[in-house]
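Let's take a walk through this structure together. Have the viewer open and follow along from stop to stop.

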Amino acid sequence: MAISVPQRPWPVETLARVPYWVYQDPENYQRELRRIFEGDTWNFVCLEMDIPNAGDFRTNTVGALPVIVVRDTDGRINAFENRCSHRGALISFDDGGNVKQRFQCIYHAWSYNLRGDLTSIAFEKGSQGRGGMPPSFCKEEVSPRKLRTTTLCGLVFASLGDPPPIEDYLGEQILGRVKRVLRKPIRVLGRTVQVLPNNWKLYAENVKDTYHASLLHAFLGTFRLSRFTQAGGVLVSPDGAHHASTTIDRPEDRTSTAYRDQGIRTEQDGYRLEDPSVFDGVAEFGDDIKLQILTIFPSFVLQQIQNSLAVRQIVPKGLDSMELSWTYVGFEDDTPEMHRRRLKQSNLVGPAGFVSMEDGCVGGFVQRGTATAPDVLSVVNMGGEGAETQDTRATEASVRGFWKAYRRHMGY
Ligand code: FES
Ligand SMILES: [Fe+2]
């Protein structure tokens, strides 16, 4: 039975204002899990290369819903709820592995096939003619919920709802930006998990927030990795849901004093790197885009920062906590030199990186700063009020895009 909770009215029509209760209201959070993560959205669950062989599986969550993603004997990828039909235990408590034919719950040994069907019950007929399940019991009726799955460029997405095919979900332009980066078989370089002390949406906004990058991140501004005085812009899908921001180096930026003139701390004289080889990037995508950050609504991020490539998954962990799950990737045909370059550039980002530890703090600052102001509205006006593609990053167009998609899914 669907949970019915009273819904607060959205206070304004414009996309340029957002009420702070949206990060604090527990009923709204429960509604998000149902309507967004378990609704008509595609949620990243693993890489195809995580489960190459029959019986290979990974566990993950879709929002807060625990799921098993498994390669079937016919090569197809299945996903189903990781919740035993008997008493609700996790069917698998491992991060991943291989099962030959079946999953078996550790509690009372009920078993499931690779499609997630309940197939056998320990001592179903009882013992020595006594006990057991009633003859009328029907296994099919209690099997875990199944999710549909799809793949794109080696990524696996799952949905409990009924979203359009992933290509239509993303639209042609965002799809092209995914394919620009993930253009050949990938390999995993490493994984980390970062715990953030904030509501999941504060990170979803942060990663779309092209305005903050060179202002919060002193490293990006100081070492000219991303500045407004370089070229680039933000692509927003027509429905607002997905985005791709780009930075392109420009020689004029070398002499620009725009940050210093405004007294912005990100251009601090005197900071130098002992070893600047962390910036030793090479163009590998046939264009001059140095950084591309891309999101797929609601919880997936694809990162290209010079040659550091990663996918990130936003995992809500309650109203004011989330995890950011990072997988750093390269390509199967990388030379040893490119492999080392990617590993070195991975120092820029991740929980202890030069850049993204700040995103992990600043979401907590917003969570704390807004705790007693639920009915106040934030100001999201850089670059106007709309959520269209813009050829600048001095804008919050893609943040407004998030709220456009969010409000549609939530019925606001
Ligand atoms: S809870 Fe899984 S078999 Fe009992
Ligand atoms: Fe950031």
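A residue counts as buried when its relative accessible area is under 20%. Keep that cut-off in mind as we explore what is a predicted model. Q390 has 18% relative accessibility, so this residue counts as buried. You will find Q390 in the loop between β19 (377–379) and α10 (397–410). From there, the Q390 side chain reaches the backbone oxygen of G383 at 2.9 Å. Leaving aside residues up to four places away in sequence, Q390 touches G233, V234, G383, T395, A397 and R400.

Next, turn to the metal. Which residues coordinate the iron ion (ligand 2)? They are H212 and H217, each through NE2, and D359, which appears with two OD entries, at 2.1 to 2.4 Å. Along the sequence, these donor residues follow the spacing H-x4-H-x141-D. The angles among the 4 donor atoms run from 57 to 147°, and the site is irregular. For comparison, four tetrahedral donors would ideally sit at 109.5 degrees. The cut-off used for Q390 also applies here: H212 is buried because its relative accessibility is 13%, and H217 is buried because its value is 2%.

Finally, look at the sheet. Its 7 strands form an open sheet with antiparallel pairing, in the order β2-β11-β10-β5-β4-β3-β6. At the edges lie β2 (43–47) and β6 (96–98), each pairing on one side only. From one strand to the next, the twist averages 30°. Within this sheet, β10 (residues 146–152) and β11 (residues 155–159) run antiparallel and are joined by 5 bridges. L152 stands opposite L155 in β11.

How values were computed:
Residues numbered from 1 in each chain as written. Chains lettered and ligands numbered in written order. Predicted model: local features only at pLDDT ≥ 70, side-chain atom pairs only at ≥ 80, totals over all residues. Heavy atoms only, no water. Donors = N, O, S within 2.8 Å, 3.2 Å for Na, K, Ca; no water. Tetrahedral: all angles 85-135°; square planar, octahedral: opposite > 155°, others 65-115°. Buried < 20%, exposed > 50% of the residue type's maximum accessible area, 1.4 Å probe, protein only. Helix = DSSP H or I, 4+ residues; strand = E, 2+ residues; numbered from the N terminus. Polar contact = N/O pair within 3.5 Å; in protein donor to acceptor, adjacent residues only side chain to side chain. Contact = heavy atoms within 4.5 Å. Pairing = 2+ DSSP bridges. Axes fitted to C-alpha atoms, helices over the stretch in contact; angles between N-to-C directions.
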